[in-house]
Amino acid sequence: MQIFLDTADLDQIKEAARWGILDGATTNPTLVSKENLKFEDLIKKICKIVPGPVSVECVSTKSKDIIKEARGLAKLADNVVVKIPICVEGLKAIKVVSGEGIKVNTTLIFSPNQALLAAKAGARFVSPFVGRLDDISHQGMDLVDEIVTIFNNYGFETEVIVASIRHPLHVLETALMGADIATVPFAVLEKMVKHPLTDIGIENFLKDWSKVKR
Ligand code: E4P
């Protein structure tokens with residue numbers, strides 16, 4: 001399973017890259033709005049650090065404008081993946097830019113049928129938002145399970161990026177369901193490393209090591 005970092009924070013991206021576990025990154029307008037750099041400079045810097053796909057979101061709403069914007073974003077770096085929200089205008093744009101070889105991550109997926117349509121239009125990735133579904137008392141991970149089943153049923157090559165992850169259990173369930181990618185906030189990544197028994201184990205080993213005759 002691939003792990004992407006869900007952030008536009010350069011320090012977090014550099015740190016995760018040093019851990020040796022970083023496969024890609026996802027950004028969105030909210031995440032980039034928190035950073036203090038000009039948008040294009042920020043994306044270019046992120047793309048240099050990340051050893052894989054970096055999703056960058058289109059904000060246009062008409063297909064012809066989305067297409068133009070997607071072409072521009074794709075030129076920022078070789079590893080840019082263009083994020084397009086699922087909607088009719090988005091589908092038209094996905095069809096055109098995917099045909100030109102631009103990789104598309106269809107975002108804001110909240111139903112399996114949306115994922116099916118995105119895959120048929122040519123999207124390279126779909127991003128079901130599990131945390132936002134949990135927030136309104138739906139089972140977010142059920143959506144991932146259904147999308148994985150549909151893609152397996154028909155041999156779609158579109159990869160599933162589990163997004164809007166809130167805690168390590170979302171990542172565990174992603175892995176158990178066989179979804180391709182989890183895009184994880186840095187705070188969740190830190191929690192995934194930790195276990196209280198590991199901390200106690202290290203502490204006790206260090207104590208005992210200090211008693212060893214050397
Ligand atoms: C992923 O591509 C999205 O940017 C992200 O996971 C959204 O997460 P949120 O629901 O925590 O904003």
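The exercises below follow strand E4 and the nonpolar cores of a predicted model.

**Exercise 1.** Find which strands pair with E4, and in what direction they run.

*Solution.* Step 1: start with E3, residues 54–57, which is joined to E4 by four bridges, the two strands running parallel. Within this pairing, valine 56 has valine 82 as its bridge partner. Step 2: turn to E5, residues 104–109, which also runs parallel to E4 and is joined to E4 by four bridges. Here valine 82 stands opposite valine 104.

**Exercise 2.** Trace the chain from E4 to E5 and give the handedness of the crossover.

*Solution.* Step 1: leave E4 and pass through helix H5, residues 88–99, to reach E5. Step 2: judge the turn of this β-α-β path, which is right-handed.

**Exercise 3.** Decide whether E4 is mostly covered or mostly open.

*Solution.* Step 1: take the six residues of the strand, 80–85. Step 2: count those under 20% relative accessible area; five of the six are buried, so E4 is mostly covered.

**Exercise 4.** Identify the residues that touch the most other members of the largest nonpolar core, and the helix that gives the most to this core.

*Solution.* Step 1: among the 59 residues of the core, Val80, Ile84 and Val160 touch the most other members. Step 2: helix H8, residues 140–154, gives the most, with seven residues. Step 3: look around valine 160, leaving aside neighbours within four places in sequence; its contacts include Val144, Ile147, Val148 and Phe151, as well as Asp180. Step 4: set apart another core, of five residues, including Phe4, Val81, Ile161 and Ile181.

Note on methods. Residues numbered from 1 in each chain as written. Predicted model: local features only at pLDDT ≥ 70, side-chain atom pairs only at ≥ 80, totals over all residues. Heavy atoms only, no water. Buried < 20%, exposed > 50% of the residue type's maximum accessible area, 1.4 Å probe, protein only. Pairing = 2+ DSSP bridges. Right-handed = clockwise from strand over helix to strand, strands pointing away. Core = buried A, V, L, I, M, F, W, Y, C linked by side-chain atoms within 4.5 Å. Contact = heavy atoms within 4.5 Å.
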